[in-house]
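Let's take a walk through this protein together, one stop at a time. Keep the picture open and follow along.

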Amino acid sequence: MGRIEAKDRLIVALDLPDVDAARRMVEKLEGVAVFFKVGLSLQLAPGVEDFIRSLISQNKKIFLDYKYYDVPETVKKAVSQAARLGVSFLTIHGTADIIKAAVNGKKGSGLKLLTVTVLTSMESSDLAEMGCVNTTVEEMVLFRARKALEAGSDGVITSGREAGKIKEFAGNHLLVVTPGIRPEGYPEDDQKRKVTPTEAVLAGADYLVIGRPITDEVDPRKAAQQILEQMQQAFDSVAQPVAS
């Protein structure tokens, strides 16, 4: 395969107050970023569907991070709607039956389904609070990643800390999409399993999802360019091919 372009593997999270703010951010990043995440903060914002359609019409790619989780038939119908909209990535989570229903819902489209493992804002104490008292975060992530692979998911959402072990058993059969990315020296926040852009790529992450370290900066364009430089150096040093 040819050289991996970091620009294609950076997903900028538009976790912003409204569509106007998101549109302005996309404009600031024109020519630097081509892949954008639309998540729960914009889910009910007026005009969000038109905004998504406009980005797709401009050859931008959309990661719809709505984390679909419901009875299988409902998830199947929701995924079908997302597929018709033309988004590239969509998050789901739940049991094998739910994942299989989602796979059926996207048939015939280019949509890639990403199963959530454990949020990067969570650690073992959070799992214990949810009743998983005898399971570490890593064990839970790897368990859910294996189940996602078996059920037909295209990839998983996971911290860079677990990316390498997922690649060990899944190889290029699962995309690894990693949020919780924080550049060296970035202030403490709610991300408990964060890694740097370089660490994530070297661990095996195929795509990095980065929000606040870009969108909260005075000069988001410059911040994105600096991150892309780090990503590119790391991708260039990776000997084995990564998933597409």
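Arg-182 is a good place to start: with a relative accessible area of 6%, Arg-182 falls under the 20% cut-off, so this residue counts as buried. Keep in mind that you're looking at a predicted model. You'll find Arg-182 in the loop between strand 7 and helix 9 (197-203). Try comparing its place with that of Lys-165: the two are 17 residues apart in sequence, and their C-alpha atoms sit 21 Å apart in space.

Now for the strands. How many strands close into a barrel, and in what order? There are eight, running 1-2-3-4-5-6-7-8, and their pairing is parallel. A bit of background helps here: strands of a sheet pair through backbone hydrogen bonds, and they can do so in a parallel or an antiparallel way. On average, and ignoring direction, neighbouring strands in this sheet are turned by 25 degrees against each other.

Let's look at a few of those pairs. Strand 5 (residues 112-116) pairs with strand 6 (residues 155-157) over three bridges, in the parallel sense. In that stretch, Thr-115 stands opposite Val-156 of strand 6. Where does the barrel join up? Strand 1 (residues 10-13) and strand 8 also pair in the parallel sense over three bridges, and Val-12 has Ile-210 of strand 8 as its bridge partner. Strand 7 and strand 8 are parallel partners too, with two bridges between them.

Stay with strand 8 (residues 207-210) for a moment. In a regular strand, side chains alternate between the two faces of the sheet. Here, Tyr-207 and Val-209 point one way, Leu-208 and Ile-210 point the other way, and all of them are buried.

Next door, Thr-178 lies in strand 7 (residues 175-178), and its bridge partner in strand 8 is Leu-208. Is Thr-178 buried or exposed? Its relative accessibility is 0%, so Thr-178 counts as buried. Setting aside residues up to four places away in sequence, Thr-178 touches several others, including Ser-159, Gly-160, Ala-200 and Tyr-207. Thr-158 is also one of its contacts, and the backbone oxygen of Thr-158 lies 3.1 Å from a polar atom in the side chain of Thr-178.

On to the helices. Helix 4 (residues 72-85) gives you a neat sum to check: at 1.5 Å a residue, its 14 residues should span 20 Å, and its end C-alpha atoms are indeed 20 Å apart, so the two agree. The buried residues of this helix are Val-75, Val-79, Ser-80, Ala-82, Ala-83 and Leu-85. They pack against helix 3 (48-57), strand 3 (61-68), strand 4 (89-92), helix 5 (96-105) and strand 5. After helix 4 comes Gly-86, which has a positive phi, near 100 degrees.

Finally, let's see what's tucked inside. In soluble globular proteins, nonpolar side chains tend to be buried together. The largest nonpolar core in this model has 69 residues, and Leu-14, Val-38, Leu-64, Val-79 and Ile-166 touch the most other members. Helix 7 (residues 137-151) supplies the largest share of this core, with seven residues. A second, separate core has 12 residues, among them Phe-63, Leu-114, Val-177 and Tyr-207. As for Val-38, its contacts beyond four places in sequence include Val-48, Phe-51, Ile-62 and Leu-64.

Conventions:
Residues are numbered from 1 along each chain as its sequence is written. This is a predicted model: local features need pLDDT of at least 70, side-chain atom pairs count only at pLDDT 80 or more; totals for chains, interfaces and linings use all residues. Side-chain values use heavy atoms; hydrogens and water are left out. A nonpolar core is a set of buried Ala, Val, Leu, Ile, Met, Phe, Trp, Tyr and Cys residues joined through side-chain atoms within 4.5 Å. Buried means under 20% relative accessible area, exposed over 50%, partly exposed in between (1.4 Å probe, protein chains only). Helices (H or I, at least four residues) and strands (E, at least two) are DSSP runs, numbered from the N terminus. Contact means heavy atoms within 4.5 Å. Two strands pair if DSSP finds at least two bridges between them. Axes are lines fitted to C-alpha atoms, for helices over the stretch in contact, and angles run from 0 to 180 degrees between N-to-C directions. A polar contact is a pair of N or O atoms within 3.5 Å; within protein, one must be able to donate a hydrogen and the other to accept it, and residues adjacent in sequence count only if both atoms are side-chain atoms. The expected span of a helix is 1.5 Å times one less than its number of residues.
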